[in-house]
Amino acid sequence: MAAVRIALKDLTQRVRDRSAFLWGIVAPLGLAAIFSLLFGPVTNFEASFAVADLDGGEVAAGFVEQLAILEQEEVFTLEVADTSVAAETLVEDGSVDAAFVIPAGFTEMVSAGAEVQVEVIGNVDQAIATQVARSIAAGFAGEIITVGAAACTALTARGESCAGNPALGTLAADALGEPAFLDNPAAVVDSPAASKELSSETFYSAGMAILFLFLTVQFGVLGLLEERQNGTMSRLLAAPISPRSIVAGKALTSFVLGIVSMTVLVVGTTLLLGAEWGNSLGVAVMVLAGVIAAMGIMFVVAAFARTPEQASNLQAILAFVLAMLGGTFFPIAQVGGFVAKLSLITPHAWFLRGLGDLAAGGGVGSAFPAALYVALFGIITGGLAQIRIGRVLQP
């Protein structure tokens, strides 16, 4: 009961000064919204293209047909322009991100085996979409080269020479104009049920939540140093309560603040930002493990810091270093190498990995390995801190 009374006193104080609301709810929710708005369009790529077919031949029609197929698969949206000027105008006024211009005589030149170019006009402010358009044009050029090589092989098999043979271009053009040429023998598709990739809204919501969780729990454990600095530690020690009840009361404060903060953020980001956290029971297990990990680090800081200010600064440094190394701002796996392996030391990386397992449609069992590591991180660090925490329990 002594620990409960200490926790209630600290919680009442934090509610009155609103510090817990700022660090536990307002800041992470606001940053999650900002990051989602800034980087959401990058992770959720959407593009719009235009095509101007000035040739009208079979090969050009094949390229336009391939673009139409990609549009049907919702890779991008496509508009048709009558002239190259119209296509360029669409790009300049921002109606489309990039445009393809197929020159007149394209099919004839391909049939003759002559060098020909497809022009790609890109918006200077849409570098990614422009690069995608260039890749599509380059892919079609590669297909033309492949078909030309196949046609040459066919002529060689018949005992004819490829060099200067007019039949070479004819065979290539006929192949490019065949409907079968437009059917891709292999395709890359998404499998949502098996994908462990978090959406941008979920990723930044989870990242900011676990980052500020390590700052929110400090309001409980740091109370030990504040009691000592303010001189009230002597009164607590003189009272008929165990010193461990004092530590338990501060830990309970951190635990309640962490659980409430994470619960509000999970519900708030789901309703306001459209985050998809996954199985509710699995998320609850990951949240509980995250709170334990944050409390463990905070106990280490409190055990070695001399003043509340020093502890607060150390906690902020540790929180941001672990967050950056754990990949809360961007997927650290993209860096690869030693840094990607080093990130697995942090509870942040395992917290996000656990949510990824839940995003793949798994239940609480799928997230249990990640939750176990996160919780053990807090139990081990918090246990080591108890060896030295008695230094704080002094007047």
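**Entry 1: Ile-387 and its surroundings**

I began with Ile-387, which in this predicted model is found in the segment after helix 18, the helix that spans 364-385. I asked whether Ile-387 counts as buried or exposed. Its relative accessibility is 71%, and because the cut-off for exposed is over 50%, Ile-387 counts as exposed. I then looked up the patch to which Ile-387 belongs, and found a nonpolar one on the surface, formed together with Phe-368, Leu-372, Leu-376, Ile-379, Ile-380 and Leu-384. I noted about 720 Å² of accessible area for these residues together.

**Entry 2: helix 1**

I turned next to helix 1, which covers residues 2-17 and has 16 residues. From its first C-alpha to its last I noted a reach of 23 Å, close to the 22 Å expected at 1.5 Å a residue. Which residues of helix 1 are buried? I listed Ala-2, Ala-3, Ile-6, Ala-7, Asp-10, Leu-11 and Arg-14. These lie on the same side of helix 1, because they cover an arc of only 165 degrees around the axis. On the face turned away from that buried side I found the exposed residues Arg-5, Leu-8 and Arg-16. Just after helix 1, I recorded that Arg-18 takes a positive phi of about 60 degrees.

**Entry 3: Ser-48 and Thr-130**

I looked up Ser-48, whose place is in strand 1, residues 48-53, and Thr-130, which lies in helix 6, residues 127-157. Ser-48 is buried, with a relative accessible area of 13%, and Thr-130 counts as buried at 15% relative accessibility. How far apart are Ser-48 and Thr-130 in sequence and in space? I noted 82 residues in sequence and 10.0 Å from C-alpha to C-alpha.

I then listed contacts, leaving aside neighbours within four places in sequence. For Ser-48 these are Thr-77, Ser-95, Val-96, Asp-97 and Ala-98, while for Thr-130 they are Asp-97, Ala-98, Gly-122 and Asn-123. Asp-97 and Ala-98 therefore appear in both lists, given that contact means heavy atoms within 4.5 Å.

**Entry 4: the chain as a whole**

Finally I stepped back to the protein chain, for which I noted 18 helices and four strands, with buried residues making up 43% of its 395 residues. Among its contacts between residues at least 6 apart in sequence, 77% join residues at least 24 apart. For the accessible surface of the protein chain I recorded about 19,800 Å², of which 64% belongs to carbon and sulfur atoms.

Methods. Residues numbered from 1 in each chain as written. Predicted model: local features only at pLDDT ≥ 70, side-chain atom pairs only at ≥ 80, totals over all residues. Heavy atoms only, no water. Patch = residues over 30% accessible without salt bridge, like charges linked within 9 Å, V, L, I, M, F, W, Y side chains within 5 Å. Areas by Shrake-Rupley, 256 points an atom, 1.4 Å probe, with all protein chains shown as cover. Salt bridge = Lys/Arg side-chain N within 4 Å of Asp/Glu carboxyl O. Helix = DSSP H or I, 4+ residues; strand = E, 2+ residues; numbered from the N terminus. Buried < 20%, exposed > 50% of the residue type's maximum accessible area, 1.4 Å probe, protein only. Expected span 1.5 Å × (residues − 1). Arc of directions from axis to C-beta.
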